[in-house]
Amino acid sequence: MTVAHVPETDVLRAQDPELAELLLGELERQSTTLQLIAAENFTSPAVLAALGSPLANKYAEGYPGARHHGGCEIVDVAERIAVDRAKALFGAEHANVQSHSGSSAVLAAYAALLRPGDTVLALGLPYGGHLTHGSPANFSGRWFDFVGYGVDGETGLVDYEQVRTLARSHRPKAIVCGSIAYPRHLDYALFREIADEVGAYLIADAAHPIGLVAGGAAPNPVPYADVVCATTHKVLRGPRGGMILCGAELAERVDRAVFPFTQGGAQMHTIAAKAVAFGEAATDAFTLYAHQVVANARVLTDVLAAEGLAVTTGGTDTHLITADPSPLGVDGRAARGLLAAAGLILDCCALPHGDVRGLRLGTAAVTTQGMGQAEMRRIGVLLATVLREPARTKAVRAEVRELTGGFPPYPG
Ligand SMILES: Cc1ncc(COP(=O)(O)O)c(C=O)c1O
């Protein structure tokens, strides 16, 4: 098997067949199973081309026009294009596109605004907060004093009254809004109001919804948050990486927090790939895509609910769904394994209440493949079939192969 748009595959195969086989094996895996991990997507061949370009060779510490290395005149242009496109796409006064990952972006945001020991209010980890939102295993929990807010026990929705009460009593230096597993839109205006009441910075960690924001399918946190952190590789469909958006008054602090405070040389091939992805995200086709992602997630949610899974918050506004499969007699961890054997690849996750683990899935990748609502109905039924009747795993695996065969992520 060769990959038409990556002729270098042949070069790699000749030089290092062991690695070439692994790369092609992964392409085969991605093409013949269903990628339902909410944080994943298929980047375009153009993004892959930028990632595999000679820009990977270039050292470029610093920022365009102010580098510590010579020979940066071309990569400077690429970074300026990425910055300009990000600013235009999200209506931001300033963009920093150098963060190596979403976690690096959050670290830099904290470095820009906080001092070690400051109090920060963020969604608690059991409710979908990210590691960088105060996990004791992460720099955030070690260096800052995190207080967690939660979700309403009945509805699963963020408990904004609790956010306000905790903000009043703890007077945090920053409030973080954003999650790895929250399927609903956040009320950024209300977060802003609460942050203003207690004189806190508002940091939006929009790693998940930022691609929907680009496509006009989710509210934009930029007008409300002091700093917006994001990843570029989820619904946004760019290379693996992070970015930070903010107002002009915080631009210098954010830039210095990224380099030299938390990072060294910028990864210019990734920054060029981010520019390509931002260009793609500004098209009408991407707007249609983002809305289709949400429409697909809603249909899949409805089918899962009809099949007996307990869907958190009763639905979704985004690409992301969390659900408790235990009404079908299996918990999330076991379900993930059963489903993987059938070719449905997804995550298990903490559920807001109860000890059982749930399932977290998303529609970004399958929508990129061109799947629509009919395919979502089929996927929902296949998923429930495996959980209800594990003996049919092999038959479902065959159906997944047949389904994915009609929607190759990289045709040709
Ligand atoms: C809300 C949130 N913040 C931060 C991150 C970290 O991103 P990365 O894995 O690129 O470090 C993620 C990743 O899923 C996330 O969902």
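**Exercise 1. Find which atom of Asp205 lies 2.6 Å from a nitrogen atom of the ligand.**

Solution. A polar side-chain atom of Asp205 lies 2.6 Å from a nitrogen atom of the ligand. This is a polar contact, meaning a pair of N or O atoms within 3.5 Å. The protein covers 85% of the 390 Å² of accessible area that the ligand has on its own. Accessible areas come from the Shrake-Rupley method with a 1.4 Å probe.

The model is predicted: local features need pLDDT of at least 70, side-chain atom pairs count only at pLDDT 80 or more, and totals for chains, interfaces and linings use all residues. Residues are numbered from 1 along each chain as its sequence is written, and side-chain values use heavy atoms, with hydrogens and water left out.

**Exercise 2. List residues around the ligand and sort the shell by class.**

Solution. Start with the list. Among the residues around the ligand are His130, Ile180, Ala207, His208, Thr231 and Lys234. Around here means having a heavy atom within 4 Å of the ligand. Next, take the polar partners. A polar side-chain atom of Ser101 lies 3.5 Å from an oxygen atom of the ligand. A polar backbone atom of Gly102 is 2.9 Å from an oxygen atom of the ligand. Finally, sort by class. The shell has 2 nonpolar, 8 polar and 2 charged residues. Ala, Val, Leu, Ile, Met, Phe, Trp, Tyr, Cys and Pro count as nonpolar, Asp, Glu, Lys and Arg as charged, and the others, Gly among them, as polar.

**Exercise 3. Trace the open sheet and explain its edges.**

Solution. Write down the order. The open sheet of 7 strands runs E4-E10-E9-E8-E7-E5-E6, with mixed pairing. Strands are DSSP runs of E, at least two residues long, and helices are runs of H or I, at least four; both are numbered from the N terminus. Two strands pair if DSSP finds at least two bridges between them. Now look at the ends. Strands E4 (94-96) and E6 (145-149) each have a single partner strand, so one side of each is left without a neighbour in the sheet. Then take one pair. Strands E5 (residues 119-123) and E7 (residues 174-177) run parallel, joined by 2 bridges. Val120 stands opposite Ala174 in E7.

**Exercise 4. Locate the cis peptide bond and the positive phi.**

Solution. The cis bond joins Phe259 and Pro260, with omega about 10 degrees. Pro260 lies in helix H10. Turn to phi. Arg237, a residue other than glycine, has a positive phi near 70 degrees. Arg237 is found in the loop between E9 and E10.

Notes
A polar contact is a pair of N or O atoms within 3.5 Å; within protein, one must be able to donate a hydrogen and the other to accept it, and residues adjacent in sequence count only if both atoms are side-chain atoms.
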